[in-house]
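Please describe this protein chain from its model. Cover the charged contacts, the sheet and the helices.

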Amino acid sequence: MDAYLCHASGDYTGKRCTDLHNAVWLRLRIRKGSYWADPLMGSRLHTLARAKDTPQTRILARQYAEQALQPLLDDKRATALSVEVSAPDTGWLKLTITVTQAGGDVLTFTHPVKVI
């Protein structure tokens, strides 16, 4: 069990995490190649901060999220993964991520991505 991370602040909450919440959050938030213990961990979503909100940018956001979360499938900690992209506000994309854990539990996450 890991210490549960607050998705809004990144701080520890004092609770224990027994599912994939921390793993998903860390893989999306950390810049790919910047984590000292695993240079392959992380995503390239930060590169979209200077991209315009176009259909191509939404495709890239989905691909970057899927690439970042692929190790969860490879490690068999998750059995299924889906990423939906929407643009609820100007300048932001919202990723809605559904992960099916190995035990069958389905978790849903939302992750904001800044765009121009």
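## Charged pairs

Arg-58 and Asp-53 join their side chains in a salt bridge, with 3.0 Å from N to O. The model is a predicted one. The count of salt bridges comes to one. Arg-58 is partly exposed, because its relative accessibility is 31% and the partly exposed class runs from 20% to 50%. Asp-53 is partly exposed too, at 29% relative accessibility.

Which side chain of opposite charge is nearest to Arg-27? That is Asp-75, 5.0 Å away. A salt bridge needs a nitrogen within 4 Å of a carboxyl oxygen, so Arg-27 has none with Asp-75. Arg-27 is nevertheless buried.

## Chain layout

The protein chain holds two helices and five strands. Along the sequence, the pattern reads β-β-α-α-β-β-β. The chain has 116 residues, and buried ones make up 34% of them. Take the contacts with a separation of 6 or more: residues 24 or more positions apart account for 32% of these.

## The open sheet

Three strands build an open sheet, in the order E3-E4-E5, with antiparallel pairing. Strand E3 (78-89) and strand E5 (106-114) are at the edges. Each has a single partner strand, so one side of each lacks a neighbour in the sheet. On average, neighbouring strands are turned by 20° against each other, direction ignored.

E3 and E4 are antiparallel and joined by nine bridges. In this pairing, Val-85 has Leu-95 of E4 as its bridge partner. The two strands form a hairpin with two residues between them. Gly-91 sits in the turn and has a positive phi of about 90°.

E4 covers residues 92-101, and nine bridges join E4 to E5 in antiparallel fashion. Thr-96 stands opposite Thr-110 of E5. Trp-92 stands opposite Lys-114 of E5. E4 and E5 also form a hairpin, here with four residues between them. Gly-104 lies in that turn, with a positive phi of about 105°.

## Two faces of E5

Which residues of E5 make up its covered face? They are Leu-107, Phe-109, His-111 and Val-113. The uncovered face has Val-106, Thr-108, Thr-110, Pro-112 and Lys-114. Two residues of the uncovered face were met above: Thr-110 stands opposite Thr-96, and Lys-114 stands opposite Trp-92.

## Helices on the sheet

Helix H1 (residues 21-29) packs on the sheet and touches E4 and E5. The direction of H1 makes about 20° with that of E5. Helix H2 (residues 55-74) lies across E3 and E4. H2 runs at about 155° to E3.

H1 is mostly covered, with seven of its nine residues buried. The buried residues are His-21, Asn-22, Ala-23, Val-24, Trp-25, Arg-27 and Leu-28.

## Surroundings of Arg-27

Arg-27 lies in helix H1. What does Arg-27 touch, leaving aside residues up to four places away in sequence? The contacts are Met-41, Gly-42, Ser-43, Ala-68, Leu-69, Pro-71, Leu-72 and Arg-77.

## A positive phi at Lys-76

Lys-76 is placed in the loop between H2 and E3. Its phi is near 65°, a positive value in a residue other than glycine. Most residues other than glycine have a negative phi. Is Lys-76 buried or exposed? Lys-76 is exposed, because its relative accessible area is 65% and the exposed class begins over 50%.

## One aromatic pair

How many aromatic pairs does a search of the whole structure find? The search finds one. Tyr-35 and Trp-36 form this pair, 6.0 Å apart from centre to centre. The planes make 50°, so the pair counts as tilted: stacked needs under 30 degrees and edge-to-face over 60.

Tyr-35 is partly exposed, with a relative accessible area of 31%. Trp-36 is exposed, with a relative accessible area of 75%.

Technical notes: Residues are numbered from 1 along each chain as its sequence is written. This is a predicted model: local features need pLDDT of at least 70, side-chain atom pairs count only at pLDDT 80 or more; totals for chains, interfaces and linings use all residues. Side-chain values use heavy atoms; hydrogens and water are left out. Two strands pair if DSSP finds at least two bridges between them. Axes are lines fitted to C-alpha atoms, for helices over the stretch in contact, and angles run from 0 to 180 degrees between N-to-C directions. Contact means heavy atoms within 4.5 Å. Buried means under 20% relative accessible area, exposed over 50%, partly exposed in between (1.4 Å probe, protein chains only). Lys and Arg count as positive and Asp and Glu as negative; His and the chain ends are not counted. Rings of Phe, Tyr and Trp (its six-membered ring) pair if their centres lie within 6.5 Å; planes under 30 degrees apart count as stacked, over 60 as edge-to-face and the rest as tilted.
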